[in-house]
Amino acid sequence: MNKYEEAFNVIETILHLMCGEEREDNYKPSHDEMVNSMEDFKELVERATPQKLLYNGEYVSFCNCPNCKKVVPIHGNYCPRCSQALDWRVEND
């Protein structure tokens with residue numbers, strides 16, 4: 001299970017416990033598991049939210065990912081290295 005699946009499992013369990021339901025295996029997440037799960041979900045949301053590219057010079061075709069700072073291919077929707085969603089719109093001054 002990846003960290004996002006684990007985070008989903010913890011948060012889903014918390015919601016069930018809040019509704020008075022218990023899991024068959026009596027699993028109850030610890031405080032640290034709850035905090036880590038929320039941090040993992042926050043990271044996932046941030047990566048899925050398109051970020052403006054970092055333009056290096058006057059050529060729009062050579063841009064850097066705002067997250068990992070690596071050069072990204074022209075008009076890809078996501079950085080191939082860190083999976084950050086990319087926003088290619090150029091604002092006119």
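## Exercises on a predicted model

Lys-3 is partly exposed, with a relative accessible area of 36%. The structure is a predicted model, and the exercises below work through some of its helices, loops and single residues.

### Exercise 1: Lys-3 and its partners

Find the element that holds Lys-3, and state which residues Lys-3 touches beyond four places away in sequence.

Solution. Begin with the location: Lys-3 lies in helix 1. Next, leaving aside residues up to four places away in sequence, look for contacts, and Lys-3 is found to touch Asp-40 and Glu-43. With Glu-43 the link can be described further, since the side chains of Lys-3 and Glu-43 are joined by a polar contact of 2.8 Å. Finally, compare sequence and space for another pair: Lys-3 and Ser-37 are 34 residues apart along the chain, while their C-alpha atoms are separated by 8.1 Å.

### Exercise 2: How helix 1 meets helix 2

Describe how the axes of helix 1 and helix 2 are placed, and decide how the angle between them is to be classed.

Solution. Two packed helices are described by the angle between their axes and the distance between the axes. Here the axes of helix 1 (residues 3–18) and helix 2 (residues 31–48) come within 9 Å and cross at roughly 125°. That angle makes helix 1 oblique to helix 2, because angles of 65 to 115 degrees count as roughly perpendicular and those over 145 as roughly antiparallel. The crossing in which helix 1 passes helix 2 is left-handed.

The last step is to see which residues take part. From helix 1 come Lys-3, Tyr-4, Glu-6, Ala-7, Phe-8, Val-10, Ile-11 and Ile-14, and they meet Glu-33, Met-34, Ser-37, Met-38, Asp-40, Phe-41, Glu-43 and Leu-44 of helix 2. Sorted by class, this contact has 10 nonpolar, 1 polar and 5 charged residues.

### Exercise 3: Gln-84 in its loop

Is Gln-84 buried or exposed, and which backbone oxygens does its side chain reach?

Solution. First place the residue: Gln-84 sits in the loop between strand 4 (71–72) and strand 5 (86–87). Its relative accessible area is 4%, and because buried means under 20%, Gln-84 is buried. Then follow the side chain of Gln-84, which reaches the backbone oxygen of Glu-46 at 3.3 Å and that of Arg-47 at 3.5 Å. Not counting residues up to four places away in sequence, Gln-84 touches a longer list of residues, among them Glu-46, Arg-47, Thr-49, Cys-65, Pro-66, Tyr-78 and Cys-79.

### Exercise 4: Positive phi at Lys-69 and Ser-83

For Lys-69 and Ser-83, give the loop in which each residue is found and how accessible it is.

Solution. Take Lys-69, which has a positive phi of about 70° although it is not a glycine. Lys-69 is placed in the loop between strand 3 (63–64) and strand 4, where it is partly exposed at a relative accessible area of 48%. Turn then to Ser-83, which is not a glycine and yet has a positive phi of about 70°. Ser-83 is found in the loop between strand 4 and strand 5, and with a relative accessible area of 46% it is partly exposed.

### Exercise 5: Separation in sequence and in space

How many Å separate the C-alpha atoms of Asn-36 and Lys-69, and how many separate those of Val-90 and Tyr-55?

Solution. Asn-36 is found in helix 2 and counts as partly exposed at 41% relative accessibility. Asn-36 and Lys-69 are 33 residues apart in sequence, and C-alpha to C-alpha they are 25 Å apart in space. Val-90 lies in the segment after strand 5 and is partly exposed, its relative accessible area being 48%. For Val-90 and Tyr-55, which are 35 residues apart along the chain, the C-alpha separation is 9.6 Å.

Terms used
Residues are numbered from 1 along each chain as its sequence is written. This is a predicted model: local features need pLDDT of at least 70, side-chain atom pairs count only at pLDDT 80 or more; totals for chains, interfaces and linings use all residues. Side-chain values use heavy atoms; hydrogens and water are left out. Axes are lines fitted to C-alpha atoms, for helices over the stretch in contact, and angles run from 0 to 180 degrees between N-to-C directions. Helices (H or I, at least four residues) and strands (E, at least two) are DSSP runs, numbered from the N terminus. Angles under 35 degrees count as roughly parallel, over 145 as roughly antiparallel, 65 to 115 as roughly perpendicular and the rest as oblique. A crossing is left-handed if the near helix is turned anticlockwise from the far one by less than a right angle, and right-handed if clockwise. Contact means heavy atoms within 4.5 Å. Ala, Val, Leu, Ile, Met, Phe, Trp, Tyr, Cys and Pro count as nonpolar, Asp, Glu, Lys and Arg as charged, and the others, Gly among them, as polar. Buried means under 20% relative accessible area, exposed over 50%, partly exposed in between (1.4 Å probe, protein chains only). A polar contact is a pair of N or O atoms within 3.5 Å; within protein, one must be able to donate a hydrogen and the other to accept it, and residues adjacent in sequence count only if both atoms are side-chain atoms.
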